[in-house]
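Work through the following exercises with the sequence and the model open side by side, and try each task before reading its solution.

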Amino acid sequence: MKTLTQLPLGLSPNALRVLEKRYLKRDRCGAIIETPEGMFRRVADAVAIAERLYNAKADTGAVADEFYRIIAGLEFLPNSPTLLNAGTQAGQLASCFVLPVPDSIEESFDAVKYTALIHKSGGGIGFNVSHIRPKGSPVGEHLDAAGGPVALIHVIAGAADYIRQGGVRRGCNSVVMDVTHPDILDFIKAKNNPQALTNFYNSVSVSDDFMARVRLGADYYLVDPSTRQEVRRLNARMVFDRIVDQAWRTGDPGLVFSDRINCDNPTPALGRIETVTGCGEQAMLPYESCTLGSINLARMLKNENGELAVDYDKLDRLVPVAVRFLDNVIDINKFPVPAIETATKSTRKIGLGVMGFADMLIQLGIPYNSTRAITLAEEIMEFISSRAHGASHELARERGVFPAYAGSVHESRGVAMRNASCITIAPTGTLSIIAGVSSGIEPIFAAVFVRNILDGENLLEINPYFEKLARERGFFNRELIEQLVASNHLHARKEIPEDVRKVFVTAHRVSPQWHVRIQAAFQRHTDNAVSKTVNFPHDATQEDIAGVFMMAYEQGLKGITVYRDESRESQPLCTSDTG
Ligand code: CDP
């Protein structure tokens with residue numbers, strides 16, 4: 001096993017392995033022909049070219065240098081498809097897509113074909129299957145012939161399984177079904193078999209009315225989408241309990257709060273938003289796509305009179321460059337389907353977010369599960385959000401408002417905007433490995449662990465802040481590290497000072513309520529949605545999960561996904577024991 005040391009550009013050996021294995025360009029024989037610096041340069045140069053669309057004399061070299069500086073400095077990273085494809089022939093740069101699934105063979109199989117094309121280019125997709133007529137409905141002259149939405153999800157999954165994203169990974173999909181669909185009970189248990197739909201996250205879309213009925217224990221109606229007829233009455237509490245029970249068993253389905261999402265729909269004139277994408281972070285209209293980019297909060301600190309503090313001046317300079325970068329991406333993107341290009345260029349949604357929040361907290365000595373963390377989350381996200389919206393407003397003056405601005409909420413507020421929405425918090429599954437920080441807004445998984453994502457290759461990772469503190473305070477030794485790898489019980493090791501144990505709190509030791517509070521703090525300043533998993537210990541009960549679903553709704557989240565430890569077979573990271 002190798003240990004973590006820093007390499008040029010601040011890349012860890014693990015980051016370098018991920019880049020070598022999946023991102024750096026290769027020749028026809030498979031030999032790597034690009035350095036990480038070369039990759040970052042390729043991306044910065046390609047994205048800067050868009051400046052010429054607005055100003056024929058633009059100094060694209062200077063803009064490219066600015067983009068390169070923030071990317072190579074690991075201060076901001078664009079989503080994986082941009083790193084992979086910018087400046088290449090493939091050229092598809094967005095991570096998130098939404099495809100409509102209408103109730104006709106022709107159109108629903110268009111969705112299957114588009115799925116293949118999007119996955120091939122590295123994107124993930126959100127679907128809503130609520131418009132598909134229920135299983136067993138009449139088709140043409142034939143009674144009892146419709147396969148129904150759950151069968152269609154399996155067809156889409158077949159296409160998705162067939163394609164590996166540009167040979168690098170399997171795409172993530174999110175499927176939403178409205179709780180009023182007649183096949184809802186089948187949908188809730190669609191992932192009961194652990195081998196089924198492994199790259200699909202299922203969520204049930206629930207309205208405020210449904211949640212009120214759950215509280216009252218009242219009934220509600222299932223409605224056939226093809227006839228608009230009420231076909232059956234179910235008890236809302238019973239359905240909610242089935243969702244909870246299945247989520248307790250397998251982590252799926254999650255919930256999507258449809259009224260909350262549509263409260264923040266920036267373009268209501270274009271229709272209601274019905275689904276969220278791949279990992280839940282982006283709520284969009286049919287055919288929209290979005291490129292994400294994440295600010296590395298671990299690098300947004302400064303030393304102020306011997307104390308670390310958030311470097312708001314640095315953030316203030318960084319955010320407009322990141323917004324400009326993401327707006328440029330829309331212009332140079334090679335979209336997989338013309339309808340996606342039209343919808344995306346009409347609203348120009350971008351998804352600027354953060355990663356490394358836990359690393360920032362650790363450096364500041366703030367436990368993740370504390371009110372100070374909530375205050376910091378709100379303060380930082382409010383700053384980033386207001387600066388990003390300001391930057392989009394400035395871009396609108398320079399380049400014009402997004403084409404669907406008329407009828408948008410921005411028009412009614414009288415604020416010119418280049419992008420219908422600006423902020424999204426992505427999972428940053430791979431980006432966080434490249435930047436060497438905790439993913440998105442998640443707490444750390446462990447202070448010391450073995451990462452096993454690279455096809456059997458194991459790499460010991462010691463959290464660098466933990467190692468630094470442990471050395472400074474004299475409790476770093478080989479035996480402790482080996483014991484922490486064997487069991488993730490840092491909280492129980494009495495030789496580690498209590499303040500250190502509190503600051504290095506791991507995901508499994510953060511109570512579900514604190515997970516939700518942190519997610520809600522970020523959501524309050526995120527105009528799109530927030531990707532987050534709420535971890536439960538293995539011995540959590542169905543009541544615990546029901547309580548957190550209700551809390552998520554009351555705290556104003558747009559959706560929620562839970563994970564009870566060991567309820568699924570594979571976990572991407574492992575210590576021998578996650579208790
Ligand atoms: O870190 P990276 O840019 O690779 O991706 P992420 O932030 O973990 O995920 C962002 C989005 O990329 C997800 O919501 C999916 O839409 C898509 N994605 C995917 O399709 N397949 C994956 N294996 C990972 C991400």
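**Exercise 1.** Identify the distance that separates a backbone N or O atom of Cys172 from an oxygen atom of the ligand, and then describe the surroundings of the ligand.

*Solution.* In this predicted model, a backbone N or O atom of Cys172 lies 3.0 Å from a ligand oxygen atom. A backbone N or O atom of Cys279 is likewise placed 3.0 Å from an oxygen atom of the ligand, while for Gly123 the corresponding distance is 3.5 Å. On its own the ligand has 520 Å² of accessible area, of which the protein covers 93%. Turning to the shell, one counts 21 residues around the ligand, with Ser80, Arg169, Glu281, Thr428 and Gly429 as the closest. By class, this shell consists of 11 polar, 7 nonpolar and 3 charged residues.

**Exercise 2.** Determine which residues touch the most other members of the largest nonpolar core, and follow the contacts of Phe76.

*Solution.* The largest nonpolar core has 83 residues, and those touching the most other members are Phe76, Ile295, Leu352, Phe357, Ile384 and Phe522. Leaving aside residues up to four places away in sequence, Phe76 touches several residues, among them Ile70, Ile295, Leu318, Phe325 and Leu352. A second core, separate from this one, comprises 65 residues, including Ile125, Leu185, Ala196 and Leu234.

**Exercise 3.** Locate the assigned domains and describe how they are placed relative to each other.

*Solution.* The domain assignment gives domain 1 as 96–276 and domain 2 as 433–574. Their C-alpha centres are 29 Å apart, and 24 residues of domain 1 are in contact with 23 residues of domain 2.

How values were computed:
Residues are numbered from 1 along each chain as its sequence is written. This is a predicted model: local features need pLDDT of at least 70, side-chain atom pairs count only at pLDDT 80 or more; totals for chains, interfaces and linings use all residues. Side-chain values use heavy atoms; hydrogens and water are left out. A nonpolar core is a set of buried Ala, Val, Leu, Ile, Met, Phe, Trp, Tyr and Cys residues joined through side-chain atoms within 4.5 Å. Buried means under 20% relative accessible area, exposed over 50%, partly exposed in between (1.4 Å probe, protein chains only). Contact means heavy atoms within 4.5 Å. A residue is near a molecule or strand if one of its heavy atoms lies within 4 Å of it. A polar contact is a pair of N or O atoms within 3.5 Å; within protein, one must be able to donate a hydrogen and the other to accept it, and residues adjacent in sequence count only if both atoms are side-chain atoms. Accessible areas come from the Shrake-Rupley method with a 1.4 Å probe; for residues, only the protein chains shown count as cover. Ala, Val, Leu, Ile, Met, Phe, Trp, Tyr, Cys and Pro count as nonpolar, Asp, Glu, Lys and Arg as charged, and the others, Gly among them, as polar. Domain bounds come from an automatic or database domain assignment.
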